[in-house]
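Please open the model in your viewer and keep the sequence panel beside it. The stops below say what to select next and what is to be found there.

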Amino acid sequence: MRSLGGFSSLDRALFQISRDLWPGQNFYVDLLNGSANNSGLTTNSPLKLIQSAFNLCRTAKHDRVIVFGYSGVNNSTENLTLAKADVSLIALGPVSNAQYATVVPASGIALDLQAGAHGFKTYGFSFVGAGGTNPAVQVAADGPYFEKCDFRSGGGDGVLFLGT
């Protein structure tokens with residue numbers, strides 16, 4: 001298993017807490033060295049895409065998507081969509097990398113939390129909406145939680161909350 005020695009003590013603590021407190025499955029994504037052919041079930045077999053890990057998560061099982069392998073040039077260019085409950089998205093950054101893991105799609109919304117994605121939690125991400133008035137994050141779900149996150153848009157809302 002990949003060593004967490006290159007990560008900050010806060011990141012190591014968050015990783016340990018997430019693994020110990022919630023019974024769900026961890027799915028690993030390495031934006032630099034991951035592969036679509038990997039299982040994502042271990043740090044030695046990480047997926048390449050965050051959306052691939054989201055697709056493997058089960059609703060209401062407290063599954064986690066743990067992302068590493070990012071830097072200023074190795075960011076996700078995906079349009080992420082989630083409709084499953086109680087999923088967490090966690091960025092584990094190396095000590096030398098003070099910036100967030102960044103989701104910058106070529107166009108559209110970076111993260112779309114659909115109605116079924118209640119209880120979504122994320123830590124350490126920057127979401128950037130691309131093109132026109134697209135928000136960085138669109139939320140139709142109840143109770144999302146964002147910690148140490150940044151939201152930017154080219155002209156729209158950073159976060160757009162839908163619904164009543």
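Colour the whole chain by accessibility to begin: buried residues make up 45% of the 164 residues in the chain, where buried means under 20% relative accessible area, exposed over 50%, and partly exposed in between, with a 1.4 Å probe and protein chains only. This is a predicted model, in which local features need pLDDT of at least 70 and side-chain atom pairs count only at pLDDT 80 or more, whereas totals for chains, interfaces and linings use all residues. Residues are numbered from 1 along each chain as its sequence is written, and side-chain values use heavy atoms, with hydrogens and water left out.

Still with the whole chain selected, the surface that it exposes comes to about 7600 Å², of which carbon and sulfur atoms supply 54%; the areas come from the Shrake-Rupley method with a 1.4 Å probe, and for residues only the protein chains shown count as cover. Among the contacts in the chain with a separation of 6 or more, 67% are between residues 24 or more positions apart, a contact being heavy atoms within 4.5 Å.

Switch to a cartoon view, which shows 2 helices and 12 strands, following the pattern α-β-α-β-β-β-β-β-β-β-β-β-β-β along the sequence. Helices (H or I, at least four residues) and strands (E, at least two) are DSSP runs, numbered from the N terminus.

**Strand 4 and its partners**

Select strand 4, residues 88–91, which is covered on both faces: Ser 88 and Ile 90 on one side and Leu 89 and Ala 91 on the other are all buried. In a regular strand the side chains alternate between the two faces of the sheet. Add strand 2, residues 64–68, which pairs with strand 4 in the parallel sense over 4 bridges, two strands counting as paired if DSSP finds at least two bridges between them. In this pairing Arg 64 stands opposite Ser 88. Then add strand 7, residues 121–123, which runs parallel to strand 4 and is joined to it by 3 bridges, with Thr 122 opposite Leu 89.

Just before this strand, select Asp 86, which is placed in the loop between strand 3 (80–82) and strand 4. Asp 86 has a positive phi of about 60° although it is not a glycine, and its relative accessibility of 18% makes it count as buried. Most residues other than glycine have a negative phi.

**A loop residue and its contacts**

Select Ser 76 next, in the loop between strand 2 and strand 3, where its relative accessibility of 3% makes it count as buried. Leaving aside residues up to four places away in sequence, Ser 76 touches Leu 31, Ile 50, Thr 102, Val 103 and Val 104.

**The open sheet 5-8-11**

Thr 102 leads on to the next stop, since its bridge partner in strand 8 is Ser 126. Strand 5 and strand 8 (residues 125–129) pair in the parallel sense over 3 bridges. With strand 11 added, 3 strands form an open sheet in the order 5-8-11, and the pairing is parallel. Strand 5 (101–103) and strand 11 (150–153) stand at the edges with a single partner strand each, so one side of each is left without a neighbour in the sheet. Neighbouring strands of this sheet are turned by 15° against each other on average, direction ignored, the axes being lines fitted to C-alpha atoms, for helices over the stretch in contact, with angles running from 0 to 180 degrees between N-to-C directions.

**The aromatic cluster**

Show the side chains of Phe 120, Phe 125, Phe 127, Phe 146 and Phe 151, which form one aromatic cluster. The structure holds 4 aromatic pairs; rings of Phe, Tyr and Trp (its six-membered ring) pair if their centres lie within 6.5 Å, and planes under 30 degrees apart count as stacked, over 60 as edge-to-face and the rest as tilted. Phe 127 and Phe 151 form a stacked pair, at 6.1 Å centre to centre and 15° between the planes. Phe 127 lies in strand 8 and Phe 151 in strand 11, so the pair ties together parts that are 24 residues apart in sequence. Phe 127 is buried, with a relative accessible area of 0%, whereas Phe 151 counts as partly exposed at 26%. Phe 146 and Phe 151 form an edge-to-face pair, at 5.2 Å centre to centre and 90° between the planes, and Phe 146 is partly exposed, with a relative accessible area of 22%.

**Last stops**

Select Lys 148, in the loop between strand 10 (145–147) and strand 11. Lys 148 has a positive phi near 50° and is not a glycine; with a relative accessible area of 43%, Lys 148 is partly exposed.

Finally, select Cys 57, which counts as buried at 3% relative accessibility, and Cys 149, which counts as buried at 19%. How many disulfides does the rule give? The count comes to 0 disulfides, a disulfide being a pair of cysteine sulfur atoms within 2.5 Å.
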